[in-house]
Amino acid sequence: LSTLPTQLGGAFAGLSGSDGFNVALNFALSGLIPTEYGRMTELCAFNGFDNALSGRLPTEVGLMANMRDLHLYENSLSGALPTQIGQLTKMSGDT
């Protein structure tokens with residue numbers, strides 16, 4: 001790619017069969033985490049740290065049944081964690 005996107009769009013939600021998604025250290029990626037990401041049920045790791053993501057973590061995160069590693073630190077996320085995050089029973093203790 002000659003230029004990287006600046007928004008974390010829902011188009012990435014169509015990455016079926018992918019077990020990892022890494023947009024970490026982009027520094028310019030901004031906006032909300034799309035609710036469509038809940039459809040990425042095979043996703044095991046999502047690295048989105050060191051960006052400018054904002055808003056709340058969507059409740060649909062609870063649908064990501066295979067999620068083991070979720071790294072979203074160093075962003076501008078707000079609000080409480082959704083209770084649905086408790087459905088992620090495969091999360092490792094160091095996440």
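# Exercises on a six-strand predicted model

Ala-24 lies in the loop that connects E1 with strand E2 (30–31). The model is predicted, and the exercises below begin with this residue.

## Exercise 1. Surroundings of Ala-24

**Task.** Determine which residues Ala-24 is in contact with, leaving aside its neighbours within four places in sequence.

**Solution.**
1. The starting point is the loop between E1 and E2, where Ala-24 is placed.
2. With its neighbours within four places in sequence set aside, Ala-24 is in contact with Asn-47, Gly-48, Phe-49 and Asn-51.
3. For one of these residues a backbone distance can be added: 7.0 Å separates the C-alpha atom of Ala-24 from that of Asn-51, although the two residues are 27 apart along the chain.
4. For the protein chain as a whole, 55% of the contacts with a separation of 6 or more are made by residues 24 or more positions apart.

## Exercise 2. Confidence and secondary structure

**Task.** State which element has the lowest mean pLDDT and which the highest, and give the pattern of elements along the sequence.

**Solution.**
1. The mean pLDDT of the protein chain is 80, and 71% of its residues reach 70 or more.
2. Among the elements, strand E1 (residues 20–22) has the lowest mean value, 65, and strand E6 (residues 76–77) the highest, 94.
3. Where pLDDT is low, the predicted coordinates should not be read in detail.
4. The protein chain contains zero helices and six strands, and the pattern along the sequence is β-β-β-β-β-β.

## Exercise 3. The open sheet

**Task.** Establish the order of the strands in the open sheet and explain why one side of each edge strand lacks a neighbour.

**Solution.**
1. Three strands make up the open sheet; their order is E2-E4-E6, and they pair in parallel.
2. E2 and E6 each have a single partner strand and stand at the edges, so one side of each is left without a neighbour in the sheet.
3. E2 and E4 are joined by two bridges in the parallel sense. Across this pair, Gly-31 stands opposite Leu-53 in E4.
4. E4 and E6 also run parallel and are joined by two bridges. Here Ser-54 faces Ser-76 in E6, and Gly-55 faces Leu-77 in E6.

## Exercise 4. Aromatic pairs

**Task.** Classify the two aromatic pairs of the structure by their geometry, and say which parts of the chain Phe-49 and Tyr-73 tie together.

**Solution.**
1. The structure holds two aromatic pairs. In one of them, Tyr-37 and Phe-46 are 6.1 Å apart from centre to centre, with 85° between the planes, and the pair is edge-to-face.
2. Both partners are buried: the relative accessible area is 3% for Tyr-37 and 3% for Phe-46.
3. In the other pair, the ring centres of Phe-49 and Tyr-73 lie 4.7 Å apart; the planes are at 10°, under the 30 degrees required, so this pair is stacked.
4. Phe-49 belongs to the loop between strand E3 (45–47) and strand E4 (52–55), and Tyr-73 to the loop between strand E5 (69–71) and E6; the pair therefore ties together parts that are 24 residues apart in sequence.
5. The partners of the stacked pair differ in exposure: Phe-49 is buried at 15% relative accessible area, whereas Tyr-73 is partly exposed at 44%.

## Exercise 5. Core and surface

**Task.** Identify the residues with the most contacts inside the largest nonpolar core, and describe the surface of the protein chain.

**Solution.**
1. Nonpolar side chains tend to be buried together in soluble globular proteins.
2. In this model, the largest nonpolar core has 15 residues, and those with the most contacts inside it are Phe-46, Met-64, Met-67, Leu-70 and Leu-72.
3. Met-64, taken without its neighbours within four places in sequence, is in contact with Tyr-37, Gly-38, Met-40, Thr-41, Leu-43 and Leu-88.
4. Of the 95 residues of the protein chain, 38% count as buried. The chain exposes about 5,500 Å², of which carbon and sulfur atoms supply 54%.

## Exercise 6. Positive phi values

**Task.** Give the phi values of Asp-50 and Glu-74, and locate each residue.

**Solution.**
1. Most residues other than glycine have a negative phi.
2. Asp-50 has a positive phi, near 55°, and its place is in the loop between E3 and E4.
3. Glu-74 has a positive phi, near 60°, and is found in the loop between E5 and E6.
4. Glu-74 is exposed, because its relative accessible area is 56%, over the 50% required.

Conventions: Residues numbered from 1 in each chain as written. Heavy atoms only, no water. pLDDT = per-residue confidence, 0-100. Helix = DSSP H or I, 4+ residues; strand = E, 2+ residues; numbered from the N terminus. Phe/Tyr/Trp six-rings, centres within 6.5 Å; stacked < 30°, edge-to-face > 60°. Buried < 20%, exposed > 50% of the residue type's maximum accessible area, 1.4 Å probe, protein only. Contact = heavy atoms within 4.5 Å. Pairing = 2+ DSSP bridges. Core = buried A, V, L, I, M, F, W, Y, C linked by side-chain atoms within 4.5 Å. Areas by Shrake-Rupley, 256 points an atom, 1.4 Å probe, with all protein chains shown as cover.
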